[in-house]
Structures are given as C-alpha cells and as structure tokens.
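This report walks through one protein chain for a reader who has not met it before. Please keep the sequence and the structure in view while reading.

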Amino acid sequence: MLRFLRRSERTGRGTETGRHAMMPIPLTGGLLSGQVRDAEGRPLPGAEISVFDRSSRRVAHSDSDPFGFFAAAVVPGEYRVRAEAGGYQTVHEAVEVEWGKHAQIGQLTLQPDETAQPPTPGIYDIDEDHTTISFVARHIAMSRVYGQFNVFQGQIQVAEPFEDSYVQVVIDAASVDTNVEVRDNHLRSPDFLDVERFPQIRFSSTRFSRRGGNRWVVDGELTLHGLTSDVQLETTFLGMQEWAGIRTGAVATTELHREHFTLNWQQMLARGLPVVGSTIDIRLDVQAILKGSGTHRTQ
C-alpha cells in the first residue's frame, strides 16, 4: 500500500535510507517515493498513483497527499510508476528498488490536457434525458437509501473567463423517487420536503473557481424547504462532445445537512440511533447542450 511522506522529504533522484520517511523500510523490501507537480511547479494533491511490477500487475495504489508526495513499500525489483489526474496528461516513470534502500523518483510533472479545457462560451440547456440528480441517505446507521429527482430544468451560462460562468437549476420537489411509494409519500409530506408549501428546490451559483486540471468548485445558494443556505459543489468537468448538438458534461457532488433546511423530523431507535441520518450526499451527473447547436435526442 502507499503511504505519505513528511513535508521535509527530499525529492532528488537516487537511493538513501528511509530516515525521513513516515514509514520504515521493510526488512524484506525497499521504499520508493516521489512528488507530483503541475506544469507551473505547484504540488498537485489528489493525483492517482499506481505502481506496476514487470508483469504489469499493480502492486500499490493511492493518491498524492496535500503536498503532492507519495510513497510505497515494495519488494526489491523494477517498477513502473504512473501518475494521473483529471485535466492532465498521464506520466510514467521507471524505477528500480533495492533491498533495504529508499529509491527517490523525484518530481513527476503533469502537463495540462488540452482536451479538458473549459467549454466553449455560450448558453447551455441541461438535457433532462441524460442528466441525473441523485441522493444517498443513511438508514438506521446500516444501509443506504438511494433516490433521485425525476423532474427538473436548468441552464448553464459559460462565460469568458470561465470563472464568471453561472448555473441555475430548478427541481420539482414532488418528483422525488426512491422506488418505494410509501417512503416517497412520506418524503413529500410536511415531515420532510412539504411539497404543497414548497414545490420547488432551487440552486443558483455565486462563484466558479478552479482547483486544478478539470476540477472546479461551484459555490452557490440552495433554496429548500423555504430556506436558503450556501452550498459548495465539487465539480469535475468531463469535456466536450458533438452528438445531436455540441454537448458538455460534468459531475458535481456535495453534502447537505438536514437541519440547515429545518428538515428536522427524526425517529430514534431504542439505542439512540436515528432512523434517518442527518447528512445527505448529493450527486449531479450533468449533460448540457449549447443553445442553437442541436436538439435533444434520447438514447
């Protein structure tokens, strides 16, 4: 398995003892380490690191730490290290690990992937047939309940610069669907969404900011159950495609706390466990069509 290095870990090539590493060098193996950076020399956290042996079998796998570092303890031998991150070109590096020694790969620089640049400026209509707004809730601290909203509409205005873009989504609260009629009726009741009083759920963005590569943060305001609260969407841009129009795609996730929207209905088990968890995981798989470039086409 991979483990992380201290910030003081050196990144020059060569081998040395593991006195600076957080993990000891194993008695029957060695240690390899490195750091992932972007083209501007900044540490790249969250890069996916895979280590393959000579037979192309993956023997270690993890993400780079907040400072871009990674490390793996492996048996002596020749290895290929692959570093990849959304919005960047994949990099491979060969390294030989000797028994009882620390092999330092140094810096792995990931160059931008030009195919993952922000979408063409314009107004994009969200394609309801190829978009899903789903959620996951914990039930009695054991299983997960999965659901989605079936009726919604939205629009994305892509600006130049991309940071000035804007998105708005309106959801029909009564379209909540967990595939269990009794549960869905309860979710529509005053105990939860109270769809008679609050028929719509609205999201309006306030800021777009880039994390790196094809990862963005979309800050915005969510109006639910009559209350408005700030939310932050961790967003991954999936690129552009031409199919029945010019399309763009993205995946966005966030976590909501029910009490922020006074969704306070709760029933407790005898042991004090809640029937419904207080946090809800939200995921949006979005596909949108550039206005005027084509028509919706279901498939």
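## The chain as a whole

Among the contacts in the chain between residues at least 6 apart in sequence, 60% join residues at least 24 apart. The model is a predicted one, and its values should be read with that in mind. The secondary structure of the chain comes to one helix and 20 strands.

Of the 299 residues of the chain, 44% count as buried. The accessible surface of the chain comes to about 16100 Å², and 50% of this surface belongs to carbon and sulfur atoms.

## A cluster of aromatic rings

A search of the whole structure finds three aromatic pairs. One of them is formed by Phe-162 and Phe-208, which meet edge-to-face, with 5.5 Å from centre to centre and 85 degrees between the planes. Phe-162 lies in the loop between β13 (152-158) and β14 (166-172), while Phe-208 lies in strand β16, so this pair ties together parts that are 46 residues apart in sequence. Phe-162 counts as buried because its relative accessibility is 12%, under the 20% that sets the limit for that class. Phe-208, at 8% relative accessibility, also counts as buried.

Phe-162 takes part in another edge-to-face pair, with Trp-216, where the centres are 4.5 Å apart and the planes stand at 75 degrees. This pair, too, links distant parts of the chain, for Phe-162 is in the loop between β13 and β14 and Trp-216 is in strand β17 (residues 215-224), 54 residues apart. Trp-216 is buried, with a relative accessible area of 5%. Taken together, ring pairs link Phe-162, Phe-208 and Trp-216 into a cluster.

## The enclosed cavity

How many cavities of 30 Å³ or more does a search of the whole structure find? The search finds one, and the volume of this largest cavity is about 370 Å³. Its lining is made up of 24 residues, of which Ile-156, Val-167, Phe-208, Thr-235 and Ala-250 lie nearest the centre of the cavity. Phe-208 is thus a member of the ring cluster and also one of the residues that line the largest cavity.

The elements that give two or more residues to this lining are β13, β14, β16, β17, β18 (227-242), β19 (246-257) and β20 (276-290). Strand β19 gives the most, with four residues. Which classes of residue make up the lining of the largest cavity? By class, there are 19 nonpolar and five polar residues in the lining, and no charged residues.

## The second largest pocket

The second largest pocket has a volume of about 300 Å³. It is lined by 16 residues, and those that lie nearest its centre are Asp-38, Arg-42, Tyr-88, Gly-212 and Gly-213. The largest share of this lining, three residues, comes from strand β16 (residues 200-212), a strand that also gives two or more residues to the lining of the largest cavity.

By class, the lining of the second largest pocket divides into six nonpolar, four polar and six charged residues. In the lining of the largest cavity, by contrast, there are no charged residues.

## Local details of the backbone

A cis peptide bond, with omega at about 5 degrees, joins Glu-160 and Pro-161. Pro-161 lies in the loop between β13 and β14, the loop that also holds Phe-162 of the ring cluster.

Two residues that are not glycines have a positive phi, and they can be taken in turn. Asp-194 has a phi of about 50 degrees and lies in the loop between α1 (181-188) and β16; at 6% relative accessibility, Asp-194 counts as buried. His-225 has a phi of about 60 degrees and is placed in the loop between β17 and β18; with a relative accessible area of 12%, His-225 is buried as well.

## A buried alanine

Ala-60 lies in strand β5 (residues 58-63). Is Ala-60 buried or exposed? At 4% relative accessibility, Ala-60 counts as buried. The C-alpha atoms of Ala-60 and Val-81, which are 21 residues apart along the chain, are separated by 9.3 Å.

Note on methods: Residues numbered from 1 in each chain as written. Predicted model: local features only at pLDDT ≥ 70, side-chain atom pairs only at ≥ 80, totals over all residues. Heavy atoms only, no water. 1 Å grid on protein atoms, 1.4 Å probe; cavity = no way out; pocket = protein on both sides within 12 Å on 5 of 7 lines; lining within 4 Å. Points joined across faces, edges and corners; volume = space filled by probe spheres on them. Nonpolar A, V, L, I, M, F, W, Y, C, P; charged D, E, K, R; others polar. Phe/Tyr/Trp six-rings, centres within 6.5 Å; stacked < 30°, edge-to-face > 60°. Buried < 20%, exposed > 50% of the residue type's maximum accessible area, 1.4 Å probe, protein only. Contact = heavy atoms within 4.5 Å. Areas by Shrake-Rupley, 256 points an atom, 1.4 Å probe, with all protein chains shown as cover.
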